[in-house]
Amino acid sequence: SWFPPESDSSGEMAEAHQARMQTVVEEMVHSLERDHIRKMQGRMFSCSADCCARSSASMSEVHQCIDRCHTPLAKAQGLVTSELEKFQDRLTRCTMHCNDKAKDLLDSGAKEPAVRSLLDRCVGSCVDDHINLIPSMTRRIKEHLDSIEQ
């Protein structure tokens with residue numbers, strides 16, 4: 001889930017923003033998987049098959065060979081996961097800041113509709129800012145994926 005639980009106070013509004021964000025992130029992950037990860041998986045499997053075809057190799061040599069075949073893909077998956085976690089953390093910090101502003105507004109005596117409206121605009125702006133970061137994040141990930149040795 002892309003939002004901290006506190007943003008549930010805005011109910012459906014937060015869900016709409018969350019859904020919007022999720023769609024964009026899923027599209028990015030699918031494009032990375034389709035254009036990069038899948039090719040790396042293919043190379044990993046054919047590399048592993050080559051390891052298994054070495055009839056003169058010992059069992060442990062075959063295992064080491066297969067491990068080497070898996071390394072690039074493991075690096076790639078680790079990279080994507082780490083970038084998504086950093087992105088998630090930034091978005092969470094942004095929405096938590098919105099929750100703090102909303103709480104301050106409530107404490108100062110503002111009416112709930114005004115607070116809801118502020119929270120919605122604030123969270124919406126977090127989502128917009130972060131959606132705008134996705135193209136450069138995607139580019140950075142793709143460059144890193146291209147540089148992972150096969």
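A residue is taken as buried when its relative accessible area is under 20%, and by that cut-off Cys51, at 1% relative accessibility, counts as buried. The structure described here is a predicted model, and the account below turns from its disulfides to the geometry of helix H2 and then to its salt bridges.

The structure holds four disulfides, each of this kind of link being a covalent bond between the sulfur atoms of two cysteines. When the bonded cysteines of the chain are numbered in sequence order, the pairing reads 1-4, 2-3, 5-8, 6-7. Among these links is the disulfide of Cys51 and Cys65, whose sulfur atoms are 1.9 Å apart; with a torsion of -75° about the S-S bond, the link of Cys51 and Cys65 is left-handed. Because Cys51 lies in helix H1 and Cys65 in helix H2, this pair ties together parts that are 14 residues apart in sequence. Cys65 has a relative accessibility of 5% and counts as buried, as does Cys51 at 1%.

A disulfide also joins Cys47 to Cys69, with an S to S distance of 1.9 Å. The torsion about the S-S bond of Cys47 and Cys69 is about -70°, and the disulfide is therefore left-handed. Cys47 belongs to helix H1, which comprises residues 12-53, and Cys69 to helix H2, which comprises residues 59-107, so that parts 22 residues apart in sequence are tied together by the pair. The burial of the two partners was evaluated separately: Cys47 is partly exposed, with a relative accessible area of 29%, whereas Cys69 counts as buried at 7% relative accessibility.

The disulfide of Cys98 and Cys122 has its sulfur atoms 2.0 Å apart. A torsion of about -80° about the S-S bond of Cys98 and Cys122 makes this disulfide left-handed. Since Cys98 lies in helix H2 and Cys122 in helix H3 (residues 112-147), the pair ties together parts that are 24 residues apart in sequence. Cys98 counts as buried, at 0% relative accessibility, and Cys122 is likewise buried, with a relative accessible area of 12%.

Cys52 was considered with respect to its closest cysteine sulfur, which is that of Cys51; the separation is 6.5 Å, too far for a bond. Cys52 counts as exposed, at 53% relative accessibility, whereas Cys51 counts as buried.

The geometry of helix H2 was examined next. At 1.5 Å a residue, the 49 residues of H2 should span 72 Å, and the end C-alpha atoms of H2 are 68 Å apart, which agrees with that expectation. The helix nevertheless bends by about 35° at Thr71, and a proline, Pro72, follows within four residues. Just after H2, Gly109 takes a positive phi of about 100°.

The structure holds eight salt bridges. Side chains of opposite charge can pair when their charged atoms come close. One of the salt bridges lies between the side chains of Lys86 and Glu83, at 3.8 Å from N to O, a distance that falls within the 4 Å cut-off applied to such pairs. Lys86 and Glu83 both lie in helix H2, three residues apart, or about one turn of the helix. An α-helix has 3.6 residues a turn, so residues three or four places apart point the same way. The two partners fall into separate accessibility classes, Lys86 counting as partly exposed at 47% relative accessibility and Glu83 as buried at 6%.

A further salt bridge in the list is that of Lys103 with Asp107, whose closest N and O atoms are 3.1 Å apart. Lys103 and Asp107 both lie in helix H2, four residues apart, which is again about one turn of the helix. Asp107 counts as exposed, at 57% relative accessibility. Elsewhere, salt bridges that share partners join Arg34, Asp35 and Lys142 into one network. Within this network, the side chains of Arg34 and Asp35 meet in a salt bridge with an N to O distance of 3.4 Å. Arg34 is partly exposed, with a relative accessible area of 47%, and Asp35 is also partly exposed, with a relative accessible area of 29%.

Notes. Residues are numbered from 1 along each chain as its sequence is written. This is a predicted model: local features need pLDDT of at least 70, side-chain atom pairs count only at pLDDT 80 or more; totals for chains, interfaces and linings use all residues. Side-chain values use heavy atoms; hydrogens and water are left out. A disulfide is a pair of cysteine sulfur atoms within 2.5 Å. Helices (H or I, at least four residues) and strands (E, at least two) are DSSP runs, numbered from the N terminus. Buried means under 20% relative accessible area, exposed over 50%, partly exposed in between (1.4 Å probe, protein chains only). The expected span of a helix is 1.5 Å times one less than its number of residues. The bend at a residue is the angle between axes fitted to the seven residues ending there and the seven starting there.
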